[in-house]
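Colleague: Before we look at any details, could you take me through this model slowly and tell me, for each term, what makes it apply?

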Amino acid sequence: MILSQLQLPDSLNYVGVFLTLECNLGCSYCINDPEQTGQRGALFPIKVKQQRNSLTPAEWVKALNRIPYRLDLPITLQGGEPMLYWKGRGLGMILSETPHYFDLLTNFALKPEVFASNLNGQQAKLQRDAPYPSIRISYHADEMNRTWHGDGFTELVNRCTALADHGFKVSPSKAESDVGIYMVAHPQNRVTTEMEAVYAGRVPFETKEFLGVDEGVLHGHYLYPFSTDLIASGIHPQTLSCECRTTELLLDPLGFVWGCHYYLYQSWVEGGPVRQFEALEAQGFRFSEWGVKIFKGHKLVPVGHILDPEFSMADLEVFRSCYHYGRCIGCDTKVKNNRFQSYYDKGIAHTSVNIRNIQMPESLFDKIDNLEQARQFFKPSAS
Ligand code: SF4
Ligand code: SF4
């Protein structure tokens, strides 16, 4: 059955497809683990596959063809490590059968020639005309030095520049380059003069803000007080209740649609909704009809399933009760631009989620920096 096209609201800011949560690396600060405790390898063991844990490329094609093509709204493929999806060959299979432009967030797990060959000649789908590279490679010093014989950064830059031999534009200017390297500005990560000498004149390199708590210090700027560090910083003993909705379409490896990154990641830390997927598949993926029954008794319930013929983007516009406020993932509640550069141009703060009716204990009020501004989020009508 061909599924109907989705009507994308203007407010939709991001489409993220987590092709797999498996990864070849195990970074201590990986946000796939909401606790950021360095246990990633144990949480998402790459070799354990008793049950089906991802959609097939053909299913992704069916799912992503529901999304209308829009030049200004690429589909971002991420994970885990998306190059590893479907034994490395899944990316090319999806790109070949869908009209979209894609962004790729990757650690460059495969050699350039293997990655390029797996693309089935679909390089153009990763070459959107944008002010920044479509292929964004993350550099993780400890893990890459461990994997690549102590010189991870040189290997990574060499892999990037080698893409020029496989149909990609590689330039030190980020507006000109299809590929760029990004490093999380974690306090333990440093940009050294040796690194500058390696990337200069070859490939764009930037740092990006570290979001989370390190040695008792919260990093990042968040709209909602204590949303990411209530528990991690020991501010309060339990999470709070609130109402929340997202501005993003977040799809997990099995095609479930989630209301935020915490729900998505935590459901996979707890094993992933693999049994619920089997039950839903048996019902033709009709989540709107069967979701409540199939997820009965579960704390982490998705918003829908992308293969449900009745799934509609309006399902994302509903405020839903949440009892996990305080464990939110930084990328959901940090202040940032939307895709129209709202924060830089107009001073309008954008966050990936809108939260209201936070049941903030009065005992915490004196710890809130801008209490008068924050009070609007404690009311049922704030958005
Ligand atoms: S490469 Fe990315 S997904 Fe993999 S462990 Fe590191 S931060 Fe996590
Ligand atoms: S309040 Fe936080 S944990 Fe709850 S749905 Fe919103 S972003 Fe997710």
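Colleague: By class, how many nonpolar, polar and charged residues does the shell around ligand 1 have?

Modeller: This is a predicted model, and in it the shell around ligand 1 has four nonpolar, seven polar and two charged residues. Among the 13 residues around ligand 1, those that come nearest are Cys23, Leu25, Cys27, Cys30 and Asn107.

Colleague: What makes Cys23 count as nonpolar and Asn107 as polar?

Modeller: Cys is on the list of nonpolar residues, whereas Asn is on neither the nonpolar nor the charged list, so Asn107 falls among the others, which count as polar.

Colleague: And by class, which residues does the shell around ligand 2 have?

Modeller: The shell around ligand 2 has 10 nonpolar, two polar and two charged residues. Its 14 residues include Cys244, Cys260, Tyr262, Cys322 and Cys328, which are the closest. Strand E9, helix H8, strand E13 and strand E14 each supply at least two residues of this shell, and the largest share, three residues, comes from E13.

Colleague: Why can one say that the buried residues of H6 line one face of the helix?

Modeller: The buried residues of helix H6, which spans residues 152-162, are Gly152, Phe153, Leu156, Val157, Arg159 and Cys160. Seen down the axis of H6, these residues fall within an arc of 160°, so they line one face of the helix. They pack against helices H4, H5 and H7 and against strands E4 and E5.

Colleague: What makes Leu156 a buried residue, and which residues is Leu156 in contact with?

Modeller: Leu156 is listed among the buried residues of H6, and therefore 20 or more other C-beta atoms lie within 10 Å of its own. Leaving aside its neighbours within four places in sequence, Leu156 is in contact with Phe108, Ile137, Tyr139, Met144 and Ile181. In the largest nonpolar core, which has 88 residues, Leu156, Cys160 and Ile358 touch the most other members. The largest share of this core, five residues, comes from H8.

Colleague: How do you know that E5 and E6 pair, and why is E6 called an edge strand?

Modeller: Pairing needs at least two bridges, and four bridges join E5 to E6, so the two strands pair; they run parallel. One of the bridge partners is Thr207 in E6, which is matched with Met183. Both strands belong to an open sheet of nine strands in the order E6-E5-E4-E3-E2-E1-E10-E11-E12, with mixed pairing. Strands E6 and E12 stand at the edges, each with a single partner strand, so one side of each is left without a neighbour in the sheet.

Terms used: Residues are numbered from 1 along each chain as its sequence is written. Chains are lettered from A and ligands numbered from 1 in the order in which they are written. This is a predicted model: local features need pLDDT of at least 70, side-chain atom pairs count only at pLDDT 80 or more; totals for chains, interfaces and linings use all residues. A residue is buried if 20 or more other C-beta atoms lie within 10 Å of its own, exposed if 12 or fewer, and partly exposed in between; C-beta atoms are placed from the backbone. The arc is that of the directions from the helix axis to the C-beta atoms. Two residues are in contact if their C-beta atoms, placed from the backbone, lie within 7 Å. A residue is near a molecule or strand if its C-beta atom, placed from the backbone, lies within 6 Å of it. A nonpolar core is a set of buried Ala, Val, Leu, Ile, Met, Phe, Trp, Tyr and Cys residues joined through C-beta atoms within 7 Å.
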